[in-house]
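Visitor: I have this model open and a few questions about it. Can we go through it together?
Guide: Sure, put it up and ask away.

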Amino acid sequence: MSPTFRAFKVRNFRLYASGAIISNVGTWMQRVAQDWLVLELTHSGTALGIVTGLQFLPALLLGPYAGLVADRFPKRTVLTITQVAMATVALTLGGLTIAGVVQTWHVYLLALLFGVGTAFDAPTRQAFVVEMVGRDELSNAVGLNSASFNAARLLGPALAGLLINWIGTGPVIMINGFTYAAVIVSLRLMRTGELHTPKPAARDKGMIRDGMRYLWRRPDLMMVLVAVFFAGTFGLNFQMTSALMATSAFHKGAGEYGILGSILAIGSLSGALLAARRVRIRARLVIGAAVAFGLLEIVSALMPTYLTFALVLPLVGLTSLTMLTSANATMQLSIEPTMRGRVMALYMTVLMGGTPLGSPFIGWIGQVMGARWSLIVGGGLTVLGTVGSVLYFSRRRGLAIRPRLLPRPHLEVLPQTELLGEKAVVDAPEVPKKPQVA
């Protein structure tokens with residue numbers, strides 16, 4: 001089997017991936033249909049930003065508790081419950097739209113409820129991957145998960161754009177509601193004896209604070225988290241910015257908007273497959289990819305036509321997925337198993353929880369200053385935030401950064417203790433230190 005797909009040797013992961021690809025196609029179809037529904041109801045970029053923000057707000061508020069649930073309860077059970085919850089929300093929104101009674105406040109409320117399901121689903125999914133494949137195949141499985149998500153992103157938006165024209169937004173949203181059954185079936189068919197399930201974390205006071213303290217004492221991981229926060233909050237608003245560019249800058253319809261999502265996914269899928277081939281992930285890859293992503297987002301805003309804008313999007317997708325898959329693998333390979341749910345919940349909180357703050361702001365920028373400025377501001381803040389995180393944690397949290405010219409130009413991130421002759425590379429350490437409990 002090709003090294004790119006080596007995690008598929010594991011039966012449980014094959015089952016999981018087969019259910020996930022179906023559900024992911026439906027998810028991307030609903031994202032496009034929901035955004036188009038909001039534009040039809042309001043004709044407002046700000047409203048579009050509010051919906052996106054509400055959908056991610058629970059990740060900000062509930063993320064730490066979701067991580068605690070992931071550490072204390074069987075992850076298969078938690079994932080089954082979240083699939084049922086999200087399916088119920090999708091079917092409700094689709095039904096209201098088909099009935100012709102949907103209003104903007106309905107979309108706001110259901111986006112918030114959908115976000116509650118996602119808040120508990122996301123960290124549990126992330127922590128469950130290593131239980132399916134083990135530590136040795138984790139980076140490959142993370143890359144393949146991203147490839148699955150972006151293969152769906154390649155198909156889903158284009159399919160949604162066509163179906164919206166043929167059958168309307170309501171039926172497209174309903175289709176997503178039914179796709180969650182594929183994940184539920186795959187979870188039920190797994191062999192529990194083949195899972196690498198750690199001992200559940202014992203119930204104790206201050207467990208969430210322990211996870212936060214653990215992260216704060218890891219400046220290498222904090223640097224990654226801050227970079228991911230700025231990218232997730234201001235840069236990764238493709239649903240909204242692509243809709244604004246398609247409608248406002250290029251005066252296109254639903255079909256062309258859906259095609260932009262699929263074109264972006266070409267680069268994202270390429271980035272995910274490249275990530276699946278990497279055996280070792282370094283923090284400097286996260287930082288470099290975040291800076292490149294921000295710069296390319298600015299370049300995309302300056303493209304004069306729909307065609308040239310579309311040609312830049314694959315590069316934007318490739319750098320964004322390189323950043324995300326590298327950050328995910330870096331976090332998971334650097335933490336203790338009993339902390340995995342809480343740490344990954346904090347990671348997802350940082351990645352998704354900033355959206356309620358950034359998305360309405362970027363949407364407002366697009367409405368007041370123009371669609372192109374939503375990309376310029378988002379990309380610029382991503383670059384500034386990433387560079388700032390490197391400077392802060394290199395000086396204040398015990399890291400040193402050295403430029404290296406060979407074997408290729410790059411920045412080497414090292415603990416300052418190495419300046420005294422102690423070898424201690426911070427990028428994805430092989431044996432994580434035991435967390436100190438205050």
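Visitor: What share of the residues in the protein chain count as buried?
Guide: Of 438 residues, 59% count as buried. Keep in mind that this is a predicted model.

Visitor: And how much area does the chain expose?
Guide: About 17,900 Å², with carbon and sulfur atoms supplying 67% of that.

Visitor: How many helices and strands are there?
Guide: The chain has 15 helices and two strands. Among contacts between residues at least 6 apart in sequence, 84% join residues at least 24 apart.

Visitor: OK, the inside. Which residues touch the most other members of the largest nonpolar core?
Guide: Leu215, Phe309, Met331 and Tyr347, out of 90 residues in that core. Helix H12, residues 306-333, gives the largest share, with ten residues. The core also draws at least three residues from each of domain 1 (8-194) and domain 2 (206-399).

Visitor: Is there another core, and if so, which residues are in it?
Guide: Another core of 19 residues lies apart from the largest one, and its members include Val133, Leu138, Ala141 and Leu333.

Visitor: Back to Phe309. What does Phe309 touch?
Guide: Setting aside residues up to four places away in sequence, Phe309 touches Met245, Phe250, Leu260, Ser300, Met303 and Leu375.

Visitor: I also clicked on Leu324. Where is Leu324 found, and is it buried or exposed?
Guide: Leu324 is found in helix H12. Its relative accessibility is 19%, and the cut-off for buried is under 20%, so Leu324 counts as buried.

Visitor: What are the contacts of Leu324?
Guide: Leu236, Tyr347 and Leu351, again not counting residues up to four places away in sequence. Tyr347 is also one of the residues that touch the most other members of the largest nonpolar core. As for Val142, its C-alpha atom is separated from that of Leu324 by 9.8 Å, with the two residues 182 apart along the chain.

Visitor: Different topic. Which residues of helix H6 are buried?
Guide: H6 runs over residues 169-188, and its buried residues are Thr169, Gly170, Val172, Ile173, Asn176, Gly177, Thr179, Tyr180, Val183, Ser186 and Leu187.

Visitor: What covers them?
Guide: The cover includes helix H1 (11-42), helix H3 (75-98), helix H4 (104-133) and helix H5 (138-167).

Visitor: Which H6 residues does Thr27 contact?
Guide: Thr27 is in contact with Asn176 and Tyr180, leaving aside its neighbours within four places in sequence. Both of those are on the list of buried H6 residues. Thr27 itself is found in helix H1 and counts as buried, at 14% relative accessibility.

Visitor: Now charges. How many salt bridges are counted?
Guide: Three salt bridges. In one of them Lys75 pairs with Glu131, and the closest N and O atoms are 2.7 Å apart.

Visitor: What does that pair tie together?
Guide: Lys75 lies in helix H3 and Glu131 in helix H4, so the pair ties together parts that are 56 residues apart in sequence. Lys75 is buried, with a relative accessible area of 10%, and Glu131 is buried at 3%.

Visitor: And Arg125 with Asp121, where do they lie?
Guide: Both lie in helix H4, four residues apart, which is about one turn of the helix. Their side chains meet in a salt bridge at 2.6 Å, N to O, and both residues are buried.

Visitor: Why would that spacing suit a pair?
Guide: An α-helix has 3.6 residues a turn, so residues three or four places apart point the same way.

Visitor: What about Arg191 and Glu194, how far apart are the closest N and O atoms?
Guide: 3.1 Å, in a salt bridge. Arg191 is partly exposed, with a relative accessible area of 42%, and Glu194 is partly exposed at 37%.

Visitor: Last one, the surface. Which residues make the nonpolar patch?
Guide: Phe361, Trp364, Val368, Met369 and Trp373 make a patch of about 500 Å². Helix H14, residues 355-369, gives the most to the patch, with four residues.

Visitor: And where does Trp373 sit?
Guide: Trp373 is found in helix H15, residues 371-396. At 39% relative accessibility, Trp373 counts as partly exposed.

Definitions and conventions
Residues numbered from 1 in each chain as written. Predicted model: local features only at pLDDT ≥ 70, side-chain atom pairs only at ≥ 80, totals over all residues. Heavy atoms only, no water. Patch = residues over 30% accessible without salt bridge, like charges linked within 9 Å, V, L, I, M, F, W, Y side chains within 5 Å. Areas by Shrake-Rupley, 256 points an atom, 1.4 Å probe, with all protein chains shown as cover. Salt bridge = Lys/Arg side-chain N within 4 Å of Asp/Glu carboxyl O. Buried < 20%, exposed > 50% of the residue type's maximum accessible area, 1.4 Å probe, protein only. Core = buried A, V, L, I, M, F, W, Y, C linked by side-chain atoms within 4.5 Å. Domains from an automatic or database assignment. Contact = heavy atoms within 4.5 Å.
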